Amino acid sequence: MESPRIPIKAIVSLFCSYMLLSHITTLSPALALEDCDFPAIFNFGDSNSDTGGLAASLSPPPPPYGETYFHMPVGRFSDGRLIIDFFAKSLGHPFLSAYLDSLGTNFSYGANFATANSTIRLPNVVQPAAGGFSPFYLNIQYMQFMQLKFRSQLIRHRGGIFASLMPKEEYFSKALYTFDIGQNDLSEGFFGNLTVQEVSASVPNIISGFSANIKKIYDLGARSFWIHNTGPIGCLSYILANFPAQKDEAGCAKSYNEVAQHFNHKLKEATVQLRKDLPLAAITYVDVYSVKYSLFKEPKKYGFELPLVACCGYGGKYNYNSGFGCGGTATVNGSQIFVGSCKNPSVRVDWDGIHYTEAAAKFIYDKISTGAFSDPPLALKQACHKSLA
């Protein structure tokens with residue numbers, strides 16, 4: 001039997017449609033794709049996105065943390081809101097409740113598993129030991145998510161006053177899963193007396209642990225992933241004040257930033273492989289590094305000043321001393337001095353030597369949420385769409 005003939009116009013139409021889909025990542029996301037409906041956000045990370053996890057479990061930040069927006073400490077290691085707070089607002093959700101916070105929490109729009117000092121790998125020294133990192137490293141955060149997914153549905157089915165505070169079952173497959181973690185894995189190496197080369201050599205193992213957890217979260221039903229790379233660690237005053245190093249044109253520690261860039265290169269490679277391994281996932285890699293670095297390289301262009309100097313700190317060229325942390329006290333000439341914030345955090349980048357100000361976080365959010373720094377170039381609200389390139 002002769003095969004049916006397909007009109008040439010139909011062939012051309014199909015080819016054009018294929019080419020459009022194949023090159024969708026070169027188009028303006030807002031023109032190419034519709035917004036997604038993300039009924040919830042589940043966040044995994046460290047202090048860059050911790051909305052109260054470490055504060056509820058181990059060590060709450062003191063005043064003046066939170067002073068700009070909340071006018072009191074609320075578990076965030078900043079003077080105000082974080083990038084994840086702006087994410088939640090843009091999707092029409094309230095601020096994410098920390099999973100570890102047992103008081104007044106509401107998980108109906110998702111949950112935040114991030115804690116300050118968290119790492120991807122199990123840290124060598126764990127808080128509350130001196131110099132320790134969070135016990136809630138990424139694998140523990142995954143296990144907490146697994147607990148929430150199953151136990152929340154038992155509570156919903158049981159009914160009662162707590163049922164409405166739990167996410168609906170269908171939210172888990174429709175939610176946005178956000179990740180911002182890895183900076184502390186590098187810091188642990190640097191402050192653990194490893195050389196820059198040794199820390200760089202550890203990166204593949206760190207990334208392997210990250211990928212393993214992404215796969216496990218995918219197996220629990222996650223489909224839309226928004227993954228931040230790590231920032232220019234060599235521009236932060238806790239590195240600059242502790243490690244003499246050659247400076248780049250922005251005044252940042254060049255070799256330390258090169259380790260962060262190596263981490264990001266391997267992370268991007270991992271996201272490419274994850275797209276192959278997880279065929280139903282939409283995975284967006286976000287170049288936060290470039291946006292953050294622009295604040296240090298051209299601060300005046302964006303309305304900032306003194307980007308390498310901590311707003312809340314005490315001592316030295318970078319206004320940072322690990323012995324006199326933000327909100328603590330310093331003894332100067334026999335007198336106790338409160339380590340407070342600068343006069344105008346809204347024009348500063350570095351909040352306390354390790355974290356960014358709310359103003360910087362808002363700037364970063366405004367840049368990355370458009371898709372201009374994403375691979376594929378999807379805006380935050382379009383991150384449910386798979387890369388078809």
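Start by selecting residues 224-228 and 282-286: these are strands β4 and β5, and they pair in the parallel sense over 5 bridges. Keep in mind as you click around that this is a predicted model. To pin down the register, pick tryptophan 226 in β4; its bridge partner in β5 is threonine 284.

Now add residues 176-180. That's strand β3, which also pairs with β4 in the parallel sense, here over 4 bridges. For a landmark on this pairing, show leucine 176, which stands opposite serine 224 of β4.

Stay on β4 and turn on its side chains. In a regular strand, side chains alternate between the two faces of the sheet. Here, Ser224, Trp226 and His228 point one way, while Phe225 and Ile227 point the other way. Which of these are buried? All of them. Put as a count, 5 of the 5 residues in β4 are buried, so the strand is mostly covered under a cut-off of 20% relative accessible area.

Next stop: a helix pair. Select residues 83-90 for α4 and 358-368 for α12; their axes come within 8 Å and cross at roughly 50°. That angle lies between the roughly parallel range (under 35 degrees) and the roughly perpendicular one (65 to 115), so the two helices are oblique to each other. The crossing of α4 and α12 is right-handed.

Show sticks for the contact: on the α4 side it's Ile83, Phe86, Phe87 and Ser90, and on the α12 side Glu358, Ala361, Lys362, Ile364, Tyr365 and Ile368. Colour these by type and you get 7 nonpolar, 1 polar and 2 charged residues.

Terms used: Residues numbered from 1 in each chain as written. Predicted model: local features only at pLDDT ≥ 70, side-chain atom pairs only at ≥ 80, totals over all residues. Heavy atoms only, no water. Buried < 20%, exposed > 50% of the residue type's maximum accessible area, 1.4 Å probe, protein only. Pairing = 2+ DSSP bridges. Axes fitted to C-alpha atoms, helices over the stretch in contact; angles between N-to-C directions. Parallel < 35°, antiparallel > 145°, perpendicular 65-115°, else oblique. Left-handed = near helix turned anticlockwise from the far one by under 90°. Contact = heavy atoms within 4.5 Å. Nonpolar A, V, L, I, M, F, W, Y, C, P; charged D, E, K, R; others polar.
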